[in-house]
Amino acid sequence: MFELDIRSRKPIYEQLMDRVKEMIVYGSLQPDEQLPSVRALSAQLTVNPNTIQKAYRELEREGYIYSVQGKGSFVTPARQQPQQMKRDEIRAALLKQMIEAVHFGFTQLEVDAIYVEAMQLKERGMSLD
């Protein structure tokens, strides 16, 4: 379910956060679906439980998941997820990438083709990983 790259320079907790976010966006994790417990995921990934807890805490802070005392962590229903905040974050990242793309000679036609490709991948439930 969760694959992490221990050789990556990106911290394990951030990799886990990215993977959970991706699974929520692509519908692999449904609203109100329970996430694996910290202990179970720690054992599965052979990662320190504190690392899993940190990822879950950050995901909760960002509004992707919620915790129920004694029950575990669950995916936040889509209507409650921080849509505008996430959209603003994505827009800023895209703008930065677009400036770089323009600098390296990408045309609007090429950028449009990338957008169409992204839509097709999303419709098929695929990601770049």
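Which residue takes a positive phi just after α1? Gly27 does, at about 85°.

This is a predicted model. The protein chain has five helices and two strands. Along the sequence they follow the pattern α-α-α-β-β-α-α. The C-alpha trace spans about 55 × 35 × 25 Å along its principal axes. Of the 129 residues in the chain, 27% are buried. Among contacts with a separation of 6 or more, 49% join residues 24 or more positions apart.

**Helix α1 and its partner**

Helix α1 covers residues 12–25. Its 14 residues should span 20 Å at 1.5 Å a residue, and the end C-alpha atoms are 20 Å apart, so the expected and modelled spans agree. Several α1 residues are buried, including Tyr13, Leu16, Met17, Val20 and Lys21. Gln15, Glu22, Met23 and Ile24 of α1 are buried too.

Two packed helices are described by the angle and the distance between their axes. The axes of α1 and α3 (residues 49–61) come within 9 Å and cross at roughly 50°. That angle makes α1 oblique to α3, because it falls in neither the parallel, the antiparallel nor the perpendicular range. The crossing is right-handed. On the α1 side, the contact residues are Ile12, Tyr13, Leu16, Met17, Val20 and Lys21. They meet Thr51, Ile52, Lys54, Ala55, Glu58 and Leu59 in α3. Tyr13, Leu16, Met17, Val20 and Lys21 thus appear both among the buried residues of α1 and among its contacts with α3.

**The hairpin**

Strand β1 (residues 65–68) runs antiparallel to strand β2 (residues 72–75). Four bridges join them. Ile65 has Val75 as its bridge partner in β2. Three residues lie between the strands of this hairpin, and Gly70 takes a positive phi near 80° there.

**Positive phi values**

Most residues other than glycine have a negative phi. Asp32 has a positive phi and is not a glycine. Thr46 is also positive without being a glycine. The table sets these beside the two glycines.

| Residue | Phi | Place |
|---|---|---|
| Gly27 | about 85° | just after α1 |
| Asp32 | near 70° | loop between α1 and α2 |
| Thr46 | about 50° | loop between α2 and α3 |
| Gly70 | near 80° | hairpin of β1 and β2 |

How exposed are the two non-glycine residues, Asp32 and Thr46? Asp32 has a relative accessible area of 42%, so it is partly exposed. Thr46 reaches 71% and therefore counts as exposed, the cut-off being over 50%.

Note on methods:
Residues are numbered from 1 along each chain as its sequence is written. This is a predicted model: local features need pLDDT of at least 70, side-chain atom pairs count only at pLDDT 80 or more; totals for chains, interfaces and linings use all residues. Side-chain values use heavy atoms; hydrogens and water are left out. Two strands pair if DSSP finds at least two bridges between them. The expected span of a helix is 1.5 Å times one less than its number of residues. Buried means under 20% relative accessible area, exposed over 50%, partly exposed in between (1.4 Å probe, protein chains only). Axes are lines fitted to C-alpha atoms, for helices over the stretch in contact, and angles run from 0 to 180 degrees between N-to-C directions. Angles under 35 degrees count as roughly parallel, over 145 as roughly antiparallel, 65 to 115 as roughly perpendicular and the rest as oblique. A crossing is left-handed if the near helix is turned anticlockwise from the far one by less than a right angle, and right-handed if clockwise. Contact means heavy atoms within 4.5 Å.
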